[in-house]
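Biologist: I would like to learn how the words we use for a fold are earned. Could we go through them together?

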Amino acid sequence: MPSALILIANGTEEMEFVIPYDTLVRAGISCTSALVNDIPDTIPTPSPVAKCSRGVKIIADKDLADVEDPNSFDALIIPGGAKGAETLSQDKKVQDLIRTYLEKDKVVGMICAGK
């Protein structure tokens with residue numbers, strides 16, 4: 001079964017996360033959501049919760065740091081939302097992931113500010 005890793009961060013646009021997730025699942029693609037935390041690594045987080053751009057809280061499946069092999073998915077999805085996109089764009093692990101996916105000719109979907 002094809003798979004997709006969908007990133008989320010505080011400030012992600014709710015619709016730009018939920019709609020692609022839902023659409024991919026309906027198409028038979030296994031989706032895993034991963035929180036990219038904007039809180040320094042020294043502060044433990046009890047659960048991978050993102051507070052989205054309109055205040056909706058979404059619980060990610062995992063923290064990105066806990067995804068065993070983020071390169072093993074068939075697609076990488078980067079939603080927008082100004083604050084969330086900023087967090088994603090400044091994260092070294094996310095930058096490396098995008099680079100690796102593009103080098104391997106894998107699907108990278110970037111939505112709105114996520115580009």
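Biologist: Why are strand β2 and β5 said to pair?

Modeller: Happy to explain, and do keep in mind that this is a predicted model. Two strands pair if there are at least two bridges between them. Strand β2, residues 30-35, and β5 have two bridges, in the parallel sense, so they count as a pair. In one bridge, Leu-35 is the partner of Asp-63 in β5.

Biologist: What makes β5 and β7 edge strands?

Modeller: Each of them pairs on one side only. The open sheet has five strands in the order β5-β2-β1-β6-β7, with parallel pairing. Here β5 covers residues 62-63 and β7 covers 107-110.

Biologist: Which strands does α3 lie across, and at what angle does α3 run to β6?

Modeller: The helix α3 lies across β1, β6 and β7, and runs at about 135° to β6.

Biologist: Why can the largest group of 15 residues be called a nonpolar core?

Modeller: The term asks for buried residues of certain kinds, such as Leu, Ile and Val, joined through side-chain atoms within 4.5 Å. Among the members that touch the most others are Leu-7, Leu-64, Ile-78 and Val-94, so their residue kinds fit that wording. Elements giving two or more residues are β1, β6 and α3, with the largest share, four residues, coming from α3.

Biologist: Which residues is Leu-7 in contact with, leaving aside its neighbours within four places in sequence?

Modeller: They include Phe-17, Ala-34, Leu-76 and Leu-88.

How values were computed
Residues are numbered from 1 along each chain as its sequence is written. This is a predicted model: local features need pLDDT of at least 70, side-chain atom pairs count only at pLDDT 80 or more; totals for chains, interfaces and linings use all residues. Side-chain values use heavy atoms; hydrogens and water are left out. Buried means under 20% relative accessible area, exposed over 50%, partly exposed in between (1.4 Å probe, protein chains only). Contact means heavy atoms within 4.5 Å. Axes are lines fitted to C-alpha atoms, for helices over the stretch in contact, and angles run from 0 to 180 degrees between N-to-C directions.
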